[in-house]
Structure formats: structure tokens, C-alpha cells
Amino acid sequence: MNAVEEWQAALEDDGELTPDATERLLAVHGTRGRRAIEAVTERRVKEYRDFVVVVGYEDEYVVEDGCTCKDSEYNIDPDDPESLCWHVLAYEIARRVDEMDHHDMWYSDVRDFL
């Protein structure tokens with residue numbers, strides 16, 4: 001089991017972001033992990049009928065088999081399981097601790113208003 005799988009398993013077992021899981025996550029992901037935790041606690045991980053979206057500092061990013069952010073595009077190594085942008089980390093955390101902000105609507109419809 002790699003370091004990412006360890007903190008993910010800890011979250012699944014506990015169902016919440018415990019100090020132990022937080023330490024594991026931050027040890028692997030540093031600043032990206034901290035931003036992800038902030039996004040989850042601020043309920044910025046939004047689940048729509050068609051996509052999961054993480055509200056970032058400048059835009060909203062679709063998280064589906066990766067992320068649409070510039071960090072993912074330019075800095076993330078898709079072959080490294082520890083190399084994840086903070087939006088994907090936020091999604092992975094929120095999903096495991098049931099902290100997604102659920103919206104019973106299509107994001108594609110909401111996006112037209114933004």
C-alpha cells in the first residue's frame with residue numbers, strides 16, 4: 001500500500017478527517033493537502049448530477065479522471081500516484097468522509113449562468 005492509499009484507507013475506516021489521517025495526508029501532499037482540507041471544510045466540493053466540481057480561488061474545476069486545472073495540466077505526473085492537484089485531493093477527501101455539497105441539478109446548466 002502506498003502513502004496515498006494509506007491516508008485514503010484511514011479516512012474510509014474512520015469516516016472523518018481525524019488528526020492521524022490529516023497528518024498522513026499532509027506528509028505526502030504538503031500545501032496541496034492543506035488547500036484540499038480547507039476546500040472540504042468550506043464545502044467547496046460540489047456534486048452535481050453530471051460532474052463533481054471543486055470551487056477554487058479563481059475558477060471552478062471539474063474533477064473527473066483528473067482535473068481541469070492548470071496545475072494538473074502542467075505539473076502533475078499522471079504516472080505518480082502521489083502527484084495530485086489539491087482539487088482532486090479535496091474530492092478524494094470529501095468523498096470518503098461524505099462531505100460533498102450535493103446539488104440535484106446538472107452542472108452543465110449551472111455553468112451557463114456563471
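The following exchange between a trainee and a mentor concerns a predicted model of a protein.

Trainee: How many helices and strands does the protein have, and in what order do the elements run from the N terminus?

Mentor: The protein contains five helices and four strands. Read from the N terminus, the order of the elements is α-α-β-β-β-α-α-β-α.

Trainee: Which radius of gyration does the protein have, and what would a compact globule of 114 residues have?

Mentor: The C-alpha trace spans about 40 × 30 × 20 Å along its principal axes. For 114 residues, a compact globule would have a radius of gyration near 13 Å. The protein agrees with that expectation, its own value being 14 Å.

Trainee: What percentage of the residues count as buried?

Mentor: A residue is buried when its relative accessible area is under 20%. The protein exposes about 6,700 Å², of which carbon and sulfur atoms supply 44%. Of its 114 residues, the portion that counts as buried is 45%.

Trainee: What share of the contacts with a separation of 6 or more joins residues 24 or more positions apart?

Mentor: The contacts considered here are those in the protein with a sequence separation of 6 or more. Among these, pairs 24 or more positions apart account for 60%.

Trainee: How far apart are the mean positions of the positive and negative charges?

Mentor: The protein carries 12 positive and 30 negative charges. The distance between the mean positions of these two sets is 4 Å.

Trainee: How many disulfides does the count come to, and why?

Mentor: A disulfide requires two cysteine sulfur atoms within 2.5 Å. The cysteine sulfur closest to that of Cys67 belongs to Cys69, and at 3.7 Å it is too far for a bond. Seen from Cys69, the closest cysteine sulfur is that of Cys67, again 3.7 Å away and too far. The count of disulfides is therefore zero.

Trainee: Are Cys67 and Cys69 buried or exposed?

Mentor: The cut-off for a buried residue is a relative accessible area under 20%. Cys67 has a value of 15%, and Cys69 has a value of 4%. Cys67 is therefore buried, and Cys69 is likewise buried.

Trainee: Where is His87 placed, and which residues is it in contact with beyond its neighbours within four places in sequence?

Mentor: His87 belongs to helix 4, which covers residues 86-96. With a relative accessible area of 4%, His87 is buried. Leaving aside neighbours within four places in sequence, the contacts of His87 are Val54, Gly56, Tyr61, Val63, Cys67 and Cys69.

Trainee: Why is helix 4 largely enclosed, and which elements do its buried residues pack against?

Mentor: Ten of the eleven residues of helix 4 are buried, so the rest of the structure largely encloses this helix. Among the buried residues are Trp86, Leu89, Tyr91 and Ile93, as well as Glu92 and Arg96. The buried residues pack against helix 1 (3-14), helix 2 (19-41), strand 1 (45-47), strand 2 (52-55) and strand 3 (60-62).

Trainee: What is the phi of Asp98, and where is the place of this residue?

Mentor: Most residues other than glycine have a negative phi. Asp98 is not a glycine, yet its phi is positive. Asp98 counts as exposed, at 59% relative accessibility. Its place is the loop between helix 4 and strand 4 (101-102), and its phi is about 55 degrees.

Trainee: Where is Arg43 found, and what is its phi?

Mentor: Arg43 is found in the loop between helix 2 and strand 1. At 35% relative accessibility, Arg43 counts as partly exposed. Arg43 is a residue other than glycine with a positive phi, near 55 degrees.

Trainee: What separates the C-alpha atoms of Glu42 and Glu99?

Mentor: Glu42 has its place in the loop between helix 2 and strand 1. Its relative accessible area of 48% makes Glu42 partly exposed. Glu42 and Glu99 are 57 residues apart along the chain, and their C-alpha atoms are separated by 9.7 Å.

Trainee: Which residues does Phe51 touch, not counting residues up to four places away in sequence?

Mentor: Phe51 lies in the loop between strand 1 and strand 2. With 27% relative accessibility, Phe51 counts as partly exposed. Its C-alpha atom is separated by 25 Å from that of Ala10, 41 residues away along the chain. Not counting residues up to four places away in sequence, Phe51 touches Lys46, Val62, Glu64 and Tyr107.

Conventions
Residues numbered from 1 in each chain as written. Predicted model: local features only at pLDDT ≥ 70, side-chain atom pairs only at ≥ 80, totals over all residues. Heavy atoms only, no water. Buried < 20%, exposed > 50% of the residue type's maximum accessible area, 1.4 Å probe, protein only. Helix = DSSP H or I, 4+ residues; strand = E, 2+ residues; numbered from the N terminus. Rg over C-alpha atoms; globule rule 2.2 N^0.38 Å. Contact = heavy atoms within 4.5 Å. Areas by Shrake-Rupley, 256 points an atom, 1.4 Å probe, with all protein chains shown as cover. Lys, Arg positive; Asp, Glu negative; His and termini not counted. Charge placed at Lys NZ, Arg CZ, Asp CG, Glu CD.
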